[in-house]
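Trainee: I would like a close look at one part of this structure, the second largest pocket. Please take me through its lining and then its surroundings.

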Amino acid sequence: MFKSVIHFRGKKDSKQVIGFFKIYNEDGKVNIFSPKTIEKLSTLITPGVYDVVYTKSPRFSKMAIEKWKKANPTLKEEDAPKEVQNVFTYEITGAIGRAGLRIHSVNYSRDLEGCIALGTG
């Protein structure tokens, strides 16, 4: 389990906010990387310290299975490889009034439904 901190929210327009995200290990040192974030303006979480856990995403798992089924129409869902049936992402827990808050990639902020996307740009 990691601790994450949204340190800073900077550039803002009518739809999105760009900020910075750091993941700390239990020793308080920055772990992995510290990318920029993008959040939809209408679904911002309160800046703070949260637990970050690696969990199965029911939504992304369902989407992966649906895509696999289209490519393999003669096979059964249970025949899908485990990596298709079980898509894992990092989940931010402990945000008041929020559940299923994921960290994942997107093409545009409009693709977010309350989650946080990471990037370098």
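Mentor: Here is the pocket, followed by two residues and the chain as a whole. Keep in mind that this is a predicted model.

Start with the space itself. The second largest pocket has a volume of about 180 Å³. Its lining is made up of 15 residues. Look first around the centre of the pocket. The lining residues nearest to that point are Arg 59, Gly 100, Leu 101, Arg 102 and Cys 115.

Now sort the lining by class. Six of the lining residues are nonpolar, four are polar and five are charged.

Next, ask where the lining comes from. Helix 1 spans 58-71, and strand 6 spans 101-103. Each of these two elements supplies at least two lining residues. Helix 1 gives the most, with three residues.

Go on to His 104. This residue sits in the loop that joins strand 6 to strand 7, and strand 7 covers 117-119. Is His 104 buried or exposed? His 104 counts as buried, because its relative accessibility is 13% and the cut-off for buried is under 20%. What does His 104 touch, once neighbours within four places in sequence are set aside? Its contacts are Phe 60, Leu 112, Cys 115, Ile 116, Ala 117 and Leu 118. One of these, Cys 115, is also among the residues nearest the centre of the pocket.

Then turn to Lys 67. Lys 67 belongs to helix 1, the element that gives the most to the pocket lining. Lys 67 is exposed, because its relative accessible area is 66% and exposed means over 50%. For a distance to check on screen, take Lys 67 and Val 84. They are 17 residues apart along the chain, and their C-alpha atoms are separated by 9.1 Å.

Finally, step back to the chain. It has two helices and seven strands. Read from the N terminus, the order of elements is β-β-β-β-α-α-β-β-β. The chain has 121 residues, and 31% of them count as buried. His 104 is one of the buried residues.

Contacts across the sequence come next. Take the contacts with a separation of 6 or more: 53% of them are between residues 24 or more positions apart. As for the surface, the chain exposes about 7,900 Å². Carbon and sulfur atoms supply 54% of that area.

Key. Residues are numbered from 1 along each chain as its sequence is written. This is a predicted model: local features need pLDDT of at least 70, side-chain atom pairs count only at pLDDT 80 or more; totals for chains, interfaces and linings use all residues. Side-chain values use heavy atoms; hydrogens and water are left out. On a 1 Å grid over the protein atoms alone, a cavity is a set of points where a 1.4 Å probe fits but cannot get out, and a pocket is an open set with protein on both sides within 12 Å along at least five of seven lines; lining residues have an atom within 4 Å of a point. Grid points are joined across faces, edges and corners, and a volume is the space filled by probe spheres set on the points. Helices (H or I, at least four residues) and strands (E, at least two) are DSSP runs, numbered from the N terminus. Ala, Val, Leu, Ile, Met, Phe, Trp, Tyr, Cys and Pro count as nonpolar, Asp, Glu, Lys and Arg as charged, and the others, Gly among them, as polar. Buried means under 20% relative accessible area, exposed over 50%, partly exposed in between (1.4 Å probe, protein chains only). Contact means heavy atoms within 4.5 Å. Accessible areas come from the Shrake-Rupley method with a 1.4 Å probe; for residues, only the protein chains shown count as cover.
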